[in-house]
Amino acid sequence: MAGLNLARKLIQTHLVGGEMTPGSEIALRVDQTLTQDATGTLVMLELEALGLKRVRTEVSVQYVDHNLLQADERNMADHLFLRSAAQRFGLWFSPPGGGVSHPVHMQRFGIPGKSLIGSDSHTCAAGSLGMLAIGVGGLEVALAMAGEPLYLTMPRVWGVRLTGELPDWVSAKDVVLEMLRRHGVKGGVHRIIEYHGPGVASLSAMDRHVIANMGAELGATATVFPADDRVRDFLRAEGREDDFVALAADPDADYDLTDEIDLAALEPLIAKPSSPGAVVPVREVAGTPVHQVVVGSSANPGLRDFAIVAAVLRGRHAHPQVSLDVNPTSREILADLTKTGATLDLIRSGARLHQTGCLGCIGMGQAPAKGRNSLRTFPRNFPGRSGTPDDQVWLCSPETAAAAALTGAITDPRELGFDYPTLDLPESASTDVVVLEHPLPPGLAQEVELAKAESIGALPELDPLPDTLHIPVALKAGDDVSTDEILPAGAAALPYRSDIAKLADFSFTRLDETYPRRARELGNHAVIGGENYGQGSSREHAALAPRSLGLRIVIAKSFARIHSSNLVNFGVLPLEFTDPADYDAIQPGDELHFDALAQGLADGEFTVRDVTQGTEFRVRHRLSGRQVATIRAGGRIAEHAGGGS
């Protein structure tokens with residue numbers, strides 16, 4: 001019998017229900033959670049609705065990293081609310097300016113072998129340390145903090161063997177872009193990607209973070225790396241070597257699927273607008289004019305990622321047509337950049353240094369000019385995510401970004417005409433600059449009042465699923481529709497994230513500006529989707545806001561994992577076409593009739609009548625019995641209120 005791969009070992013040590021059979025539902029013990037401010041306000045309202053006294057996880061951390069612009073009172077009001085909630089419920093609190101949740105969590109709290117879930121799809125980045133790290137909806141995080149397990153469909157484990165070492169001008173971002181070039185944005189759905197092989201040892205822990213982070217763009221449930229000497233080196237630099245635990249797959253481990261990448265054979269790659277999966281070699285698009293370059297985000301958060309840009313630019317100046325923006329990812333990294341002189345190199349080159357946080361990655365500032373190309377070391381370039389309609393956002397490595405900043409055009413960095421810089425990075429990180437608030441002792445925590453400004457709304461009351469529904473199709477969407485298109489982020493929408501009634505006015509507006517008004521007029525309604533419906537962000541607002549407008553059922557060719565779970569959590573029924581060709585016939589405005597839904601859900605497959613077309617078609621679901629009960633109750637909050645578990 002073959003040995004266990006690392007992913008299965010991690011699942012096995014956290015398994016509290018179900019069996020490790022791909023496709024079946026399992027329940028996992030959760031050791032750690034993270035929330036950020038774009039999703040955390042709703043999570044804290046959910047904790048209040050659940051009546052939680054104090055979190056029951058080993059570590060839970062609330063970060064403020066997304067909504068940092070104080071254009072009006074709402075963002076700061078939310079930050080005050082989040083701090084009070086962290087004090088009240090016993091969480092760590094990382095205030096504005098502390099840094100992006102994923103690298104900071106890795107620096108301060110990541111421990112090999114632990115499980116982590118977060119209300120951010122890029123939580124999977126912590127797999128770089130040998131953690132079982134999974135992005136989920138906020139309600140699932142709230143329930144985990146209340147002591148419940150995470151329910152998950154057991155994924156298949158995809159072993160990717162790495163050999164060789166990366167050549168000059170090629171870095172970790174090119175590794176994950178190669179995965180996206182080969183497999184696209186659906187390649188990792190219902191899979192854990194486990195990197196192994198001799199090439200892994202050549203990658204630092206932060207290099208692995210880059211690759212694990214963008215497992216989310218492949219649709220993967222998680223990404224796992226072994227915990228080896230490079231992880232020990234990272235934890236030692238952070239002053240936490242005692243947290244190191246060596247973890248690896250058994251020597252004779254097997255995998256459900258396999259792939260192999262020769263790191264030495266890779267070249268600089270870039271994702272074209274407007275999908276992380278639209279990857280081509282940089283040389284194929286060289287010469288394309290560039291007007292903006294943004295360096296930062298959780299997809300390239302390490303000290304090396306900024307230092308290499310500074311080194312390429314040292315003694316040179318950015319092209320005059322390029323806006324070069326640098327978003328440090330943590331106080332620690334900004335301090336170390338400054339100690340090494342790299343901050344001054346960036347400033348002298350013409351770069352603008354911004355505060356530590358997500359910023360342009362979530363569309364909170366740094367919106368590019370319409371029709372002008374923006375190169376970013378970010379994880380995503382979904383249409384309009386930058387805050388600019390018809391944006392032209394490309395995703396690339398820090399090396400490729402620096403080359404474009406110098407030349408004003410997409411440039412293969414190997415063609416710059418000078419040697420690849422050698423970096424001299426500090427052996428120990430500047431942990432003395434980290435600002436984190438410890439959880440309050442239980443006695444003091446119980447005395448804290450939640451700081452709710454007028455802009456803090458309430459969770460909507462959701463009714464159970466009727467057994468019979470006769471509802472119109474309010475909207476028909478295409479393939480790979482992202483949660484950014486279902487419920488936008490950015491500077492316009494996100495200040496209302498704590499008030500679902502107002503946030504709902506942004507629902508689907510990137511696809512149809514009339515949807516919110518029509519949905520309110522229609523009441524209960526359905527939405528039709530194509531393949532990979534709901535890819536991208538874990539924000540549960542993309543399920544809850546349309547649900548508050550009357551969305552009851554989504555029928556799609558297939559669903560992204562996190563969004564499907566979020567729909568269930570708020571009582572929206574996700575159904576798939578048994579025959580995907582039936583998608584073509586349904587039109588917006590068609591009246592759909594669902595009869596005997598309780599029986600249909602029990603059967604797993606049933607018939608829907610399109611009254612307008614005079615036709616019928618078959619649908620199915622992939623829900624567990626537990627999820628069916630949740631749907632029928634009207635969602636997990638309603639289920640808890642009714643005494644469910």
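Buried here means under 20% relative accessible area, exposed means over 50%, and partly exposed is whatever falls in between (1.4 Å probe, protein chains only). What you're looking at is a predicted model, where local features need pLDDT of at least 70 and side-chain atom pairs count only at pLDDT 80 or more, while totals for chains, interfaces and linings use all residues. Residues are numbered from 1 along each chain as its sequence is written, and side-chain values use heavy atoms, with hydrogens and water left out.

**View 1. Here's the protein chain, with its 22 helices and 26 strands.** Helices (H or I, at least four residues) and strands (E, at least two) are DSSP runs, numbered from the N terminus. Along its principal axes, the C-alpha trace spans about 70 × 60 × 55 Å. The radius of gyration, taken over C-alpha atoms, is checked against a globule rule of 2.2 Å times the number of residues to the power 0.38. For 645 residues, a compact globule would come out near 26 Å, and the protein chain's 24 Å agrees with that. Of those 645 residues, 63% count as buried. Contact means heavy atoms within 4.5 Å. Among contacts with a separation of 6 or more, 77% join residues 24 or more positions apart. The accessible surface is about 21900 Å², with 48% of it belonging to carbon and sulfur atoms; areas come from the Shrake-Rupley method with a 1.4 Å probe, and for residues only the protein chains shown count as cover.

**View 2. Trp169 and Phe418 make an edge-to-face aromatic pair.** Rings of Phe, Tyr and Trp (its six-membered ring) pair if their centres lie within 6.5 Å; planes under 30 degrees apart are stacked, over 60 edge-to-face, and the rest tilted. That rule gives nine aromatic pairs. In this one, the centres are 5.9 Å apart and the planes meet at 70°. Trp169 sits in the loop between strand E9 (156-163) and helix H6 (172-183), and Phe418 in the loop between helix H12 (398-407) and helix H13 (442-445), so the pair ties together parts that are 249 residues apart in sequence. Trp169 is buried at 5% relative accessibility, whereas Phe418 is partly exposed at 23%. Add Tyr420 to these two and you have one aromatic cluster.

**View 3. Phe508 and Tyr515 form another edge-to-face pair.** Their ring centres are 4.8 Å apart, with 70° between the planes. Phe508 is buried at 0% relative accessibility, and Tyr515 is buried at 0% too.

**View 4. Two rings here have a charge over them.** To qualify, NZ of Lys or CZ of Arg must be within 6 Å of the ring centre and within 35 degrees of the ring normal. Arg191 puts its charged end over the ring of Trp158, 5.0 Å from the centre. Lys476 does likewise over the face of Tyr583, at 4.3 Å from the ring centre.

**View 5. Helix H9 (residues 303-313) is largely enclosed by the rest of the structure.** Eleven of its eleven residues are buried, including Arg304, Asp305 and Phe306. The cover includes helix H7 (205-213), strand E15 (292-296), strand E16 (323-327), helix H10 (331-340), helix H11 (342-348) and H12. After H9 comes Gly315, with a positive phi near 75°.

**View 6. The largest nonpolar core has 73 residues.** A nonpolar core is a set of buried Ala, Val, Leu, Ile, Met, Phe, Trp, Tyr and Cys residues joined through side-chain atoms within 4.5 Å. Met44, Ile134, Tyr515 and Tyr533 have the most contacts inside this one. Helix H5 (residues 138-145) supplies the largest share, six residues. Beyond four places in sequence, Ile134 touches residues including Leu28, Leu116, Leu150, Leu152 and Arg561. There's also a second, separate core of 36 residues, with Val293, Leu337, Leu346 and Leu406 among them.

**View 7. Ser498 is tucked into the loop between helix H15 (490-493) and helix H16 (500-503).** Ser498 is buried, at 3% relative accessible area. Its C-alpha is 5.1 Å from that of Ile456, although the two are 42 residues apart in sequence. Leaving out neighbours within four places, Ser498 contacts Thr41, Leu45, Asp78, Ser455, Ile456, Gly457 and Ala458.

**View 8. Thr39 belongs to helix H2 (residues 37-50).** This threonine is buried at 5% relative accessibility. Setting aside neighbours within four places in sequence, Thr39 contacts Ser119, Arg539 and His541.
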